[in-house]
Amino acid sequence: MALRCSGLRRSFGALAAVDGVDLEVAPGARHALIGPNGAGKSTLFKLVTGTMRADAGTVELAGRDVTGQSEVARCRLGMSQTMQHASLFASMTATETVALAVQRHDGGRIVPWPRRRPAVRERAEELLAGVGLAGRGSTPVPALSHGERKQLEVAVALACRPSLLLLDEPAAGMSAAERARLVEVLAELPADITLLIVEHDLDLVFSVADAVTVLHLGEVLLSGTPDEVRASEDVREAYLGAKRREELFLG
Amino acid sequence: MTAVETRTPAPDAPAEPSGLRRGLPRIIAVVVLVVLAAAPLFLAPFATTTLTRIVVFALFAVSLDLLVGVTGLPSLGHAAYFGAGAYAAGWVSINVTAEAPVPLLVGAATGAVAAALTGWITVRTGGVFFLMLTLAIGETVQQLANTWEDATGGANGLTGVPSVRIGGEPLVNAGLLYWYVLAVGVLGFVLVWLVARSPWGAALRGIRDNEPRMRAVGYPTAVYKYAVFVLAGSVAGVAGSLLAAQQRLVTPADLSFLTSSFALLAVVIGGAGSLWGACLGAAVVVLVRETLGASLDGHGPLVLGLVFVLVVYLLPRGAAGLRRPRREPGRSP
């Protein structure tokens, strides 16, 4: 398994935000994590990336237990993430932003004296082109549109040479056109990179994912193929918050 | 002041700047450097001494700018390392030797050790907590200087610091002392400037802009912050050794909160992060303090307060902000 979570638990006071979650993501999968608001998606995401410590349970990355490892160590072991709020580095251009991630992961030393490394810049521009930002490299990050910044997030995450890429609501706040573009970018990612996508937008999930896990009230409601999830009564109930959906929903 | 190369690491500079845009800052830097080097030849000794004080304070402000402007760590206690370097350099000059590189190296080492001892706590915090912790450390170190009379001379300060010697010759002449201070100041500036322009410096700016993102990209940010804190302390220690050489006296006021805040003021006036701006700011601060301070019944700090308000109001990015056009705001939040 590219990622295996067992019995993950995290509480905030009396609220168990993530309550014993088991999750398996197969190598090369496009795995989506969905659920209504408050399902615990964001908390689970943070437990997986290491931003937040779990109260109980383990996280395994490609068979290796990384539960006690920091975010930084997990990144070095091949886990990379995009963030929900694409704030990035406000004083830098798009190329500089990606180059910062590239220089950390291309094996070169980060020296405290000026050194030109054309390879770093080239790789950064290559990654920008890969996410559809060719020609936008010299634009300062604050001047990029929201959608472009989300694309930039993906380029930065890919610069870490991940085997597992975690995307936290990549389509949040995007226009329909930007979403379509994002789907294209995701579809073009190398097949050997495993994706775990936390997303609200179900259309996007069903057009990208080949496996879906539904989270509800901190627990896994269902794990299966997109078709299974689409057909599930339980999932509809969780999303609609009502037992008798026929009264809420015609057809 | 000590700018050798005034081109800031402007991230929005076009990839291929025009010849003029590229060349002009270098020409300005060379002219400034030549004028600075020649200053004692046409300035009165008193003015030369003021210029010496400006260079000392500029190097201190540059070391603080490395923390505040480049890395985004606003320290209110940076004078602790400046003062520690000054006391150590002064003590060694009195008790061991005043021969040139020795007080400098002792100042640098003391600043670095003091920063290393205190930095491991401070760099774990950020924002207001960092501000408060550095303030507390600064106050503690000042108390130490006040009470440890055997080493520091207590409230009277460390008096009788001999002139710095080069090859056995004491630098008694104000002009010679100035050249010594200028040479060390320029070297210190170049060192900090090179670090800020390096791949490592780019990582520091990344930490300033967005530390959680830097961690997610795989940078152990605490290690970077600790290293830059120690480096800034060391450069402040060098500036402190220059202070001891120039004043021939070190007092607890030199590591006080007021000294820290004057340095912070210099950084803000100059525009945080540009380094050369901090030198300009230091010149403004020292000039206002020394020229107006005496003529306004000792209300010099009042004028500085006014300058500060005006700068924040009129030049939110300091003097360095005048160099480049304001960036267009983001099209969406």
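Reader: Why is H3(A) described as largely enclosed by the rest of the structure?

Author: Keep in mind that this is a predicted model. A residue here counts as buried if 20 or more other C-beta atoms lie within 10 Å of its own. H3(A) is largely enclosed because its buried residues number 11 of the 12.

Reader: OK, and which elements do the buried residues of H3(A) pack against?

Author: The buried residues include A:Ala94, A:Val98 and A:Leu100, and also A:Glu96 and A:Arg104. Part of what they pack against belongs to chain A, and part to chain B. The elements are helix H4 (118-130) and helix H5 (146-159) of chain A, plus H8 of chain B.

Reader: How far does helix H3 of chain A reach from its first C-alpha to its last?

Author: This helix covers residues 94-105, which is 12 residues. At 1.5 Å a residue, you'd expect 16 Å. The model comes close to that, with a reach of 17 Å.

Reader: What residue with a positive phi follows H3(A)?

Author: Look just past the helix for a phi near 90°. The residue that has it is A:Gly107.

Reader: H8 of chain B came up a moment ago. Which element gives the most to the side of chain B that touches chain A?

Author: Start with the whole contact: 29 residues of chain B meet 34 residues of chain A. On chain B's side, the elements giving two or more residues are helix H7 (174-197), helix H8 (199-209) and helix H9 (211-216). With seven residues, the top contributor is H8(B).

Reader: How many residues on that side of chain B are nonpolar?

Author: Split that side by residue type and you get six polar and nine charged. The remaining group, the nonpolar one, has 14.

Reader: What about chain B as a whole: what percentage of its residues count as buried?

Author: Chain B is built with 13 helices and two strands. Take contacts between residues at least 6 apart in sequence: 78% of them join residues at least 24 apart. Of the chain's 333 residues, the buried share is 52%.

Reader: Where in chain B is confidence highest, and where is it lowest?

Author: Chain B averages a pLDDT of 86, and 87% of the residues score at least 70. Residues 1-16 stay under 50, and so do residues 325-333. Between the two elements you asked for, the high one is helix H10 (residues 221-247), at 96, and the low one, at a mean of 76, is helix H13 (residues 300-314).

Reader: And what ipTM does the predictor give the complex?

Author: The predictor gives two scores for the complex. Its pTM is 0.88, and its ipTM is 0.89.

How values were computed. Residues are numbered from 1 along each chain as its sequence is written. Chains are lettered from A and ligands numbered from 1 in the order in which they are written. This is a predicted model: local features need pLDDT of at least 70, side-chain atom pairs count only at pLDDT 80 or more; totals for chains, interfaces and linings use all residues. Two residues are in contact if their C-beta atoms, placed from the backbone, lie within 7 Å. Helices (H or I, at least four residues) and strands (E, at least two) are DSSP runs, numbered from the N terminus. Ala, Val, Leu, Ile, Met, Phe, Trp, Tyr, Cys and Pro count as nonpolar, Asp, Glu, Lys and Arg as charged, and the others, Gly among them, as polar. The expected span of a helix is 1.5 Å times one less than its number of residues. pLDDT is the predictor's confidence in each residue, from 0 to 100.
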